[in-house]
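Me: Please take a close look at the charged side chains in this model. I would like to know which of them pair, which do not, and how far each is covered.

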Amino acid sequence: MKDLLNVQDYLFAVQDVGDWEGDEEHVAETLNDLIHIAWDKIPDDLDCESIDEIINGIWEHLRGDLAVLEADFEELIDWVIHYVDSSLDEKM
């Protein structure tokens, strides 16, 4: 029930991402872009708990991972699409 949630509630501010040695703004922007991409892939009728798990899982997987800084953004997009698809397959 995606209409009961708001993507804005999942987005990161610079201070939310922790210490990235001066790259906190870039990390927050990248995470937020990935969250928006994931949000768009999630079906509107998926239950709130599953949506919560998927969106929060993005940070859980990428927290402290230098891929956020070093990977090409297209690679990160591919990763998040695969992550969402895999998560949805597990839910079905």
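Reply:
**Charged side chains**

Glu74 has a relative accessible area of 48% and is therefore partly exposed. Its place in this predicted model is helix 4, which spans residues 73-91. On the surface, Glu74 belongs to a patch of negative charge together with Asp72, Glu75 and Asp78. Residues enter such a patch if they have over 30% relative accessible area and no salt bridge, and the 48% of Glu74 fits the first of these conditions because 48% is over 30%.

Next come the charges that do pair. Side chains of opposite charge can pair when their charged atoms come close. Over the whole structure, a search finds three salt bridges.

One of them joins Asp44 and Lys2, with N to O at 3.4 Å. This pair ties together distant parts of the chain, 42 residues apart: Asp44 sits in the loop between helix 1 and helix 2 (48-62), and Lys2 lies in the segment before helix 1. The two partners fall into opposite classes of cover. Asp44 has 57% relative accessibility, so it counts as exposed. Lys2 has a relative accessible area of 9%, so it is buried, the limit for that class being under 20%.

Another salt bridge runs between Lys41 and Asp85, whose closest N and O atoms are 3.3 Å apart. Here too the pair links distant parts of the chain, since Lys41 is in helix 1 and Asp85 in helix 4, with their positions 44 residues apart in sequence. Lys41 counts as partly exposed because its relative accessibility is 35%. Asp85, at 30%, also counts as partly exposed. Helix 4 thus holds Asp85, a salt-bridge partner, as well as Glu74 of the negative patch.

In the salt bridge of Arg63 and Glu60, the N to O distance is 2.5 Å. Arg63 is partly exposed, at a relative accessible area of 46%. Glu60 reaches 51% and is therefore exposed, as the class begins over 50%.

A few words on confidence. The chain has a mean pLDDT of 95, and 100% of its residues reach 70 or more. Helix 1 (residues 24-41), where Lys41 is found, has the highest confidence, at a mean of 97. The lowest is in helix 3 (residues 67-70), at 93.

Definitions and conventions:
Residues numbered from 1 in each chain as written. Predicted model: local features only at pLDDT ≥ 70, side-chain atom pairs only at ≥ 80, totals over all residues. Heavy atoms only, no water. Patch = residues over 30% accessible without salt bridge, like charges linked within 9 Å, V, L, I, M, F, W, Y side chains within 5 Å. Areas by Shrake-Rupley, 256 points an atom, 1.4 Å probe, with all protein chains shown as cover. Salt bridge = Lys/Arg side-chain N within 4 Å of Asp/Glu carboxyl O. Lys, Arg positive; Asp, Glu negative; His and termini not counted. Charge placed at Lys NZ, Arg CZ, Asp CG, Glu CD. Helix = DSSP H or I, 4+ residues; strand = E, 2+ residues; numbered from the N terminus. Buried < 20%, exposed > 50% of the residue type's maximum accessible area, 1.4 Å probe, protein only. pLDDT = per-residue confidence, 0-100.
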